[in-house]
Amino acid sequence: MGLYDGFSAAEKKNLTIYIGGIMCYKFALETLTGCMSNIVLNRYKVAPAATWGTVVSVNYAAQSIGSLLVSPLIKRWPTSRVLAMSIFLFGLLVAIVPVLEATTGGGSTGLGNEKTYKAGDWNPFIVAVLFPIVGIFHGIIELIRRVIPRDIVGSDPSKLKRMDSTVHIFYEVAGTTGALLSKYWIAYFNYAYSLALIPIAFTGAALVWSRIKDATSEAYEGPSKTKRVSGNFFSEFFAIVKAFFYSVWVGLKLVCSHRSLVWLIPAYTLPLVLHRYLENVLFAHYANFALSTGSYQQLLVSGSNFGELLGALFVLLFADSVKTPIPWLRLDALTLLFVWILPLATPFANIEGWVWFLAAIAVPVSFGWAAGDVSLVAYVQSRLAKIEDSEATVSPLGSVMSFLYVLYIIIFALVNTAIGKVQDSFVADLLKKYGSAKKFPALAGLKPTQDAMFYTAGLVMSCAGVVVFLSTFIPKGAFALNPDTLDDDESDRALAQHLEHDKASETAKDRKEIIEAMVA
């Protein structure tokens with residue numbers, strides 16, 4: 001079975017363009033968090049883990065703002081145009097860091113040696129400001145990844161699942177390659193200069209994505225399918241803000257009012273939190289504090305990305321025999337137990353060999369997450385595409401995905417700073433003695449880091465896995481080992497009726513306000 005089987009010629013062209021852009025995006029993106037985390041963890045002298053936890057939490061909060069802007073934006077402009085402009089601005093902002101490093105003497109000595117590299121004389125607090133700003137554009141891009149398949153292949157569940165799986169395969173090929181290679185250019189060019197890759201690759205992705213022809217593009221060339229505001233900048237701004245909050249409300253009501261969607265809160269949001277937590281926090285802490293070499297984080301992430309690649313591939317290969325996300329989500333919950341190796345296992349004498357071994361252990365963990373995520377996103381897309389025309393102000397699909405994405409950001413932000421404080425408390429004496437993690441003697445930070453990770457990795461992941469596993473029994477028909485279908489036509493009608501009722505209520509409210517205004 002070919003990767004493009006079942007798609008029309010136009011769909012194949014758009015899919016190829018989309019894959020080309022997303023590979024540029026993912027290849028460079030793998031450098032971003034690794035570099036930003038290591039700048040903070042090595043250049044901050046006090047509470048670096050808590051500081052990084054705060055910075056990444058604020059970044060994720062900014063992503064939530066970006067994600068909530070998607071629904072009103074894609075009602076006003078073609079999805080591909082919003083996507084291309086967002087990634088271009090993203091890269092432009094990241095370029096500030098290598099420029100600062102170059103103009104303040106960074107790398108005058110120590111290029112090629114991670115431990116003796118001379119950093120530029122600029123305040124690392126700039127990262128704490130810049131990283132959240134780029135998070136707005138990151139949030140827009142990440143959410144559009146969840147909704148643009150509908151614009152390319154329509155609402156057919158089989159096509160959506162095949163597209164999501166196909167894209168995820170190429171996405172993870174680029175991610176695995178980017179994470180693996182970034183270890184080596186970070187080790188030579190160090191963290192700030194390595195970020196120069198991002199504006200180059202992101203500009204390429206913007207140019208490629210701008211050529212996507214949305215299935216709904218004709219609607220933008222003719223009369224708009226949503227009420228357009230005047231050309232006044234402030235009118236447009238407030239219209240977007242209003243739609244922004246309304247989209248959250250629509251998503252909240254749809255998810256929390258229906259059994260067919262409410263289970264997505266633990267089944268979609270929690271695994272996403274755990275996956276980002278593993279790659280962006282636990283791997284960063286282990287590489288920097290336990291092994292004293294920040295670039296090892298990229299090797300661990302490369303193993304995780306390879307697991308995601310295999311997960312997406314298996315969903316594609318078994319799309320006909322595994323028809324719902326339930327089996328994959330249960331597998332995801334079980335594979336989280338592999339994380340116990342971080343607090344319990346003793347490294348090999350060959351440290352780099354040990355890191356490669358840990359990268360291999362990360363494969364099944366991310367395999368389970370990717371398989372569950374790909375199949376679950378396709379399920380949401382196919383279910384909500386059927387009622388997409390029931391609400392003209394915002395996209396129901398965009399609203400639900402925005403709400404779930406924002407919820408994920410909130411949960412991540414709440415726990416991340418606390419986890420950083422726990423990590424700092426266990427390595428505080430070493431930081432006070434040596435100044436930064438990269439100056440620790442070999443494996444000096446291993447024992448305190450593992451003591452911290454007994455709680456921050458083992459217990460956290462295990463408890464969350466139980467919640468995810470139990471959530472898979474909530475939808476109708478989910479008690480089977482491998483269900484043929486979830487929910488039914490009655491669930492779809494209930495979703496559509498919910499939106500129709502809300503629309504009627506809003507119309508009655510508007511009519512009442514008009515009458516009251518006339519009487520006054």
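**View 1. Five salt bridges are counted in this predicted model, one of them between Glu30 and Lys26.** The model is a predicted one, and its salt bridges come to five by the rule applied here. In the bridge chosen for this view, the side chains of Glu30 and Lys26 meet with a distance of 2.5 Å from N to O. Both residues belong to helix α1, which covers residues 9–43, and they stand four residues apart in that helix, about one turn. Glu30 is buried, and Lys26 is buried as well. As a general point, side chains that carry opposite charge can pair when their charged atoms come close.

**View 2. Glu142 and Arg145 form a salt bridge within helix α5.** The side chains of Glu142 and Arg145 meet at 2.7 Å, taken from N to O. Helix α5 spans residues 125–153, and because the two residues are three places apart in this helix, about one helical turn separates them. Glu142 has a relative accessible area of 3% and is therefore buried, while Arg145, with a relative accessibility of 14%, also counts as buried. Arg145 appears again in the next view, where it is listed among the contacts of Tyr18.

**View 3. Tyr18 and Trp209 have the most contacts inside the largest nonpolar core.** This core has 133 residues, and helix α11, made of residues 264–290, gives the most to it, with 17 residues. When neighbours within four places in sequence are left aside, Tyr18 is in contact with Leu83, Arg145, Ile148, Ile152, Met163, Val167, Trp209 and Ile212. Tyr18 and Trp209 are thus both the residues with the most contacts inside the core and partners in contact with each other. A second core, separate from this one, has 10 residues, including Leu309, Val315, Val322 and Trp328.

**View 4. Lys447 and Asp451 are joined by a salt bridge in helix α17.** The distance from N to O where the side chains of Lys447 and Asp451 meet is 2.9 Å. Helix α17 runs over residues 446–471, and the two residues lie four places apart in it, about one turn of the helix. Lys447 is exposed, because its relative accessible area is 54%, whereas Asp451, at 29% relative accessibility, counts as partly exposed.

**View 5. Five residues, among them Phe454 of helix α17, make a nonpolar surface patch.** The patch amounts to about 470 Å² and is made by Leu344, Phe426, Phe454, Tyr455 and Leu459. Helix α17 gives the most to the patch, with three residues. Phe454 lies in this helix, and its relative accessibility of 34% is why Phe454 counts as partly exposed.

**View 6. Phe338 sits in the loop between helices α13 and α14.** The loop that holds Phe338 follows α13, residues 326–335, and comes before α14, residues 341–344. Phe338 has a relative accessible area of 38%, so this residue is partly exposed. If residues up to four places away in sequence are not counted, Phe338 touches Ile361, Pro364 and Val365. Phe338 and Met461 are 123 residues apart in sequence, yet from C-alpha to C-alpha they are 9.4 Å apart in space.

Conventions. Residues are numbered from 1 along each chain as its sequence is written. This is a predicted model: local features need pLDDT of at least 70, side-chain atom pairs count only at pLDDT 80 or more; totals for chains, interfaces and linings use all residues. Side-chain values use heavy atoms; hydrogens and water are left out. Buried means under 20% relative accessible area, exposed over 50%, partly exposed in between (1.4 Å probe, protein chains only). Contact means heavy atoms within 4.5 Å. A salt bridge is a side-chain nitrogen of Lys or Arg within 4 Å of a carboxyl oxygen of Asp or Glu. A nonpolar core is a set of buried Ala, Val, Leu, Ile, Met, Phe, Trp, Tyr and Cys residues joined through side-chain atoms within 4.5 Å. Patches are made of residues with over 30% relative accessible area and no salt bridge: like charges are joined within 9 Å, nonpolar side chains (Val, Leu, Ile, Met, Phe, Trp, Tyr) within 5 Å. Accessible areas come from the Shrake-Rupley method with a 1.4 Å probe; for residues, only the protein chains shown count as cover.
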